Amino acid sequence: MKVMVLVKATADSEAGAMPSTELLEAMGRFNEDLVNAGVMLAGEGLHPSARGTRIAFDGPSRRVIDGPFAETRELVAGFWLWQVRSMDEAIEWAKRCPNPMPGPSELEIRPIFEAEDFGAEFTPELREQEDRLRERLGN
């Protein structure tokens, strides 16, 4: 199963505080362990929401909203994509992660939808299209 591991933002990450050399080294070692185990598919840190933009949808209308965004605890400061056998395995890896922030912080683990999760609505034609796109992406 694939999961997305979200590094939740903090006041420090939203203020643009950069991680220490020690934290970068610890995260580098953790990422290396993930890659060596065949777990990590991707992972990146994100700039603060002040540098971001949201697009709000309401029917056919679109509205652009520039950051920063309120409710820091609802924001994401980074992410990983992991391939794991189970949610329990993802939790065990997450518990090994160095604290990604200088103070209290959280990781959120979310399973990624797979084709069978969509049921009959995901027709054979849509499956073919998905397969073609994944092939083009090298997945």
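This report walks through the overall build of the chain, its salt bridges and its surface patches.

## The chain as a whole

Welcome to this structure, which is a predicted model. Its secondary structure comes to four helices and six strands. Read from the N terminus on, the elements follow the order β-α-α-β-β-β-β-α-β-α. Along the principal axes, the C-alpha atoms fill a box of roughly 50 × 45 × 25 Å. The chain has 139 residues, and 25% of them count as buried.

## The annotated domain

What does the UniProt record place at residues 1–110? The unreviewed entry gives the feature "domain: YCII-related" for this span. Residues 1–110 are 27% helix and 34% strand. The C-alpha atoms at the two ends of the span lie 11 Å apart.

## Salt bridges

How many salt bridges does a search of the whole structure find? The search finds eight. A good place to begin is Arg73, which appears in two of the pairings described here. The side chain of Arg73 meets that of Glu71 in a salt bridge, at 3.6 Å from N to O. Arg73 also forms a salt bridge with Glu74, where the closest N and O atoms are 2.8 Å apart. Arg73 counts as exposed because its relative accessibility is 59%, above the 50% cut-off. Glu71 has a relative accessible area of 47%, so this residue is partly exposed.

Another salt bridge joins Glu92 and Lys95, with the closest N and O atoms 3.4 Å apart. Why are Glu92 and Lys95 separated by about one helical turn? The reason is that they are three residues apart in helix H3, which covers residues 87–96. Is Lys95 buried or exposed? With a relative accessible area of 61%, Lys95 is exposed, whereas Glu92, at 44%, is partly exposed. Elsewhere, Lys8, Glu108 and Arg110 are joined into one network by salt bridges that share partners.

## A nonpolar patch

Now to the surface. Which residues make the nonpolar surface patch of about 320 Å²? Its members are Ile55, Phe57 and Val64. To find Ile55 in the model, look in strand S3, which spans residues 53–58. Ile55 has a relative accessible area of 44% and so is partly exposed. That value is over the 30% needed for a residue to belong to a patch.

## Helix H4 and a negative patch

Helix H4 runs over residues 124–137, and Glu125 has its place there. Glu125 also takes part in a negative surface patch, together with Glu128, Asp131 and Glu135. Glu125 counts as exposed because its relative accessibility is 57%, above the 50% cut-off.

Glu130 is found in helix H4 as well. Is Glu130 buried, partly exposed or exposed? Its relative accessibility is 27%, so Glu130 counts as partly exposed. How far is Glu130 from Ala15 in space? The two lie 39 Å apart, C-alpha to C-alpha, and they are 115 residues apart in sequence.

How values were computed
Residues numbered from 1 in each chain as written. Predicted model: local features only at pLDDT ≥ 70, side-chain atom pairs only at ≥ 80, totals over all residues. Heavy atoms only, no water. UniProt positions renumbered as here; feature names shortened; annotations may be inferred. Patch = residues over 30% accessible without salt bridge, like charges linked within 9 Å, V, L, I, M, F, W, Y side chains within 5 Å. Areas by Shrake-Rupley, 256 points an atom, 1.4 Å probe, with all protein chains shown as cover. Salt bridge = Lys/Arg side-chain N within 4 Å of Asp/Glu carboxyl O. Lys, Arg positive; Asp, Glu negative; His and termini not counted. Charge placed at Lys NZ, Arg CZ, Asp CG, Glu CD. Buried < 20%, exposed > 50% of the residue type's maximum accessible area, 1.4 Å probe, protein only.
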